[in-house]
Amino acid sequence: MIHEAIHPARMPDPVLTIEGLRVAPQSTPTKPILKGIDFTIAAGETLCLVGESGSGKSVTSLAVMGLLPKGILKATGGHIDLEGDSLLEASRGRLRDLRASRMSMIFQEPMTALNPLMRVGEQIEEVLIMHQKGLSSKQRQDRVLEMLDQVQLPDIARVYASWPHQLSGGQRQRIMIAMALILEPKLLIADEPTTALDVTTQKQILKLINELQKRHGTSVLFITHDMGVVADIADRVCVMRDGEVVETQPIEDLLRWPKTEYTRQLLTAVPSLRPRTARAVTDREIVLEAIELEKRYGERSAWARWTGKTALQTPAASDINFALTRGRTLGIVGESGSGKSTVARCVMRMIEPTGGGVRVMGKDIASLGHAALKPHRKRIQMIFQDPFRSLNPRLTIATSLVEGPVNYGTPREEALARAAELLALVGLPEDALDRYPHQFSGGQRQRIAIARALAMEPDVLVADEAVSALDVSVQAQVLELLDELQRRLGIAVLFITHDLRVAAQICDEVMVMQKGIVVEYGPAERVLGSPEHAYTRSLMLAAPGRHWDFAGFRPLDRVFEDHPTSTATVYQ
Amino acid sequence: MSLSRPEAVAAERSETMPLRRRLRLWPRRRPGWTIILAAICLILIVVVAILAPWLAPHDPLNMSPANRLKPADDTYWLGTDAYGRDLLSRVLYGARVSLTVGIGSALISVVIGLPLGILAGFFRSLDAVIMRVMDGLMAIPSVLLAIAIVSLISANLWTVMAAITIPEIPRIVRLVRSVVLSAREEPYVEAAVALGSSLFTIMWRHLMPNTLAPLIVMSTYICASAILTEAILSFLGAGLGTETPTWGNIMAEGRTYFLIKPSLIFWPGIMLSICILSINLLGDAARDRLDPRLQKRGGAQ
């Protein structure tokens, strides 16, 4: 797609022009969130707005749509011009006319963007009712069905009459796109439209947006934090940081010759898809082992067991086997619903496995009672996905850090001294001890969560999507920290992730899961380097930006393509 | 995580802030005048209740048949009732009973309801038992239960308070349970489990603090409704003995002389209304301030 992206010198009139846009909170107008944004989008062009959290990408898009939260944020200066309409000065009625007909928006979370109490067909039709008064209901319905067909939904008559909860995330995002494009707007704003979706779905949606864009000549303002997606779809890229535009360049130039240090850092932080070379095995001691581990939901009730009836059960994970040796990292990858988190939580005994065994340091903990489990809990600790919720907001960092050791009989003073050391180990100042979680950023909180887990001196660390909520640069730092800790302390890590790039960079072994079963398990170099199972291959093919070596500022010389050498795989 | 929603901005700003108090109870903005007025009224009533023996010009129990149903004058500022007792003194003393019952009921129902609610929210097996008992309690009309209890045991301050409190407990239990049910899914609670914390620590340190804000709000409503129920019970003759000056009792006695001397009902009635209105207004203000949905994430936690 990149090659199509290079435009000839002819520059058509821009569809959207933003000049010196400034937005500030109404309460503190002196601290602007956007400090003068400039960019333009030409007809039919895709401009990607890239930046980390807090850079002001979303605020920019909301300002364009005229959807800045009233009474909280306010545009204090600049111009937004959509084909001759000055959006900042437009009346509310005019803005309402422009929305959907000339510009429209799709959101990140397809699960909540649709009204759950309306059939999806009616929701799309509503746009026509609001904006095209002349149509008869038959014409409207035909229009909607045609649009559903364009977004490539199967069985459109059924989809027209279904409720949002009956559709998958990808299908809902297609509905959102249909709704956004039904009036053929000139500008489509897509605010992280694929972030909440699985990679394979993401790939389809990106392809769909691209096709529709070509057909209708729509300009797309695509907001994302994912450099891979940018490399796949952008014509031009606008990098933002702290409410300012750092640089705007055509995609190829940006990826090859970033002008600023910040962009360079941003690109270098993107983990490579190529698995790192395996580390030498130093210790063969197995610290964590799962044997035919199984978790089914929908337990048979005592009555059903007694009468011998079989009840309906949903297997969330079945027949999981793996062994993790000291100092190694095992990655479990898979899309949502693959059962990877279920495995992690079973191993932690957060939920009770319904079958099989979990051995920590050779001792089976799968069926131990609460009291018998306590001495073994110490051995295995967890890092959670959301750093904003994994620390109790009401406790100081010190209290959080000493809670575990004190539970196991360490005197408080000793635990406090150790906590200070741990903070130094994860790279935080010692005065952090007396502060509260809300005074730290996401990355810092994740470091604190790691320190809390380390305070227990565990043998195994379970990291459940531990870097998914973090910006790439922070993500790189946390991964580096984990790697360093592993080398110094010899901890084994069970790393659950949906991100193949992260998995490729941190894992020694990789286990790929799909619908509760392991489809491929082996050394990372083999599984991610030359996958055998069709599902692993489809995951690799769906990884955005897989043709580009971001840290090397050049295309990859050897791209993984789908021409399998053998169709039969070991695990099928 | 997408960026730059207002709360994200707030969270970022808080990083640069110096150490702040954990729970901001004192308003950042000045509260509305209704709230200030309500607070002043309530403080006045509390002061009156505490200082009643010094403020009251006469003994509220002292009958003087010669001065029956006197109109307001210099000696008896609000006049006297059918037994020649000073109305003002009785109304002032009445505030004591009302506030004791109100605050007492709110405290007792929290003390009993909080642990029950936490247990019900935490243990699935206890949940069914506790909640069915609470459903049963909720089905009993509070005034009927009070009348039953008071007629079985003699009426004193404690039995009246117990009679009023029992039907209020389920409201607390339900509230606490729902908060605990959602809070126990938080990763920091799971982290505490992984750290080997005892169940008591998890419940007390990690779950209980989440319930405090809604509890404060709920107890103001319980306080107001307890004061009202006490007045109703007294008015019906099922409350404290008729000689005890409570607002309900004064109104019940005044009912007979309503046509001759309406002020016998008017003064205790107006005190009761102001008291309940102020408590409810303050409760609303507390809810607006403490409601987690209105709180910015990461900001004023």
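How many bridges join β6(A) to β7(A), and do these strands run parallel or antiparallel? The points below take up this question and then move outward from the sheet to the domains of the chain.

1. In this predicted model, four bridges join β6(A) to β7(A), and the two strands run parallel. Within this pairing, A:Met103 is the residue that stands opposite A:Leu187 of β7(A). On its other side, β7(A) is joined by five bridges to strand β8 (residues 219-224) of chain A, again in a parallel arrangement, and here A:Ala190 has A:Phe222 of β8(A) as its bridge partner.

2. Strand β7 of chain A, which covers residues 187-191, has five of its five residues buried, so the strand is largely enclosed by the rest of the structure. The burial applies to both faces of the strand: A:Leu187, A:Ile189 and A:Asp191 point one way, A:Leu188 and A:Ala190 point the other way, and all of them are buried. A reader looking at the side chains may wish to note that A:Asp191 is listed among these buried residues.

3. These strands belong to an open sheet of six, which in chain A follows the order β6-β7-β8-β3-β9-β10 and has mixed pairing. The edges are occupied by β6 (103-106) and β10 (244-250) of chain A, and because each has a single partner strand, one side of each is left without a neighbour in the sheet. From one strand to the next, the twist averages 15°. As general background, strands of a sheet pair through backbone hydrogen bonds, in either a parallel or an antiparallel manner.

4. Further along the sheet, strand β3 (residues 46-50) of chain A is joined by four bridges to strand β9 (residues 236-241) of chain A, and this pair runs parallel. A:Leu47 is found opposite A:Arg236 of β9(A).

5. Chain A is divided into three parts, with domain 1 made up of residues 1-102 + 185-268, domain 2 of residues 113-184 and domain 3 of residues 286-531. The centres of domain 1 and domain 3 of chain A, taken over C-alpha atoms, are separated by 37 Å. Where these two domains of chain A meet, eight residues of domain 1 are in contact with five residues of domain 3. On the domain 1 side, α8 (199-216) and α11 (261-268) of chain A each supply at least two of the residues that touch domain 3 of chain A, and by class this side has two nonpolar, four polar and two charged residues.

6. Helix α13 (residues 340-347) of chain A is mostly covered, with eight of its eight residues buried. Those buried residues include the charged side chains A:Lys340 and A:Arg345, together with A:Ser341, A:Thr342, A:Val343, A:Ala344, A:Cys346 and A:Val347. The helix is followed by A:Arg349, whose phi is positive, near 60°.

7. For the chain as a whole, there are 21 helices and 22 strands in chain A. The radius of gyration of chain A is 26 Å, close to the 25 Å that the globule rule gives for 572 residues, so the chain is as compact as a globular protein of that length. Its C-alpha trace spans about 70 × 60 × 50 Å along the principal axes. Of the 572 residues of chain A, 47% count as buried, and among contacts with a separation of 6 or more, 70% are accounted for by residues 24 or more positions apart.

Notes: Residues numbered from 1 in each chain as written. Chains lettered and ligands numbered in written order. Predicted model: local features only at pLDDT ≥ 70, side-chain atom pairs only at ≥ 80, totals over all residues. Pairing = 2+ DSSP bridges. Axes fitted to C-alpha atoms, helices over the stretch in contact; angles between N-to-C directions. Domains from an automatic or database assignment. Contact = placed C-beta atoms within 7 Å. Rg over C-alpha atoms; globule rule 2.2 N^0.38 Å. Buried ≥ 20, exposed ≤ 12 C-beta atoms within 10 Å, placed from the backbone.
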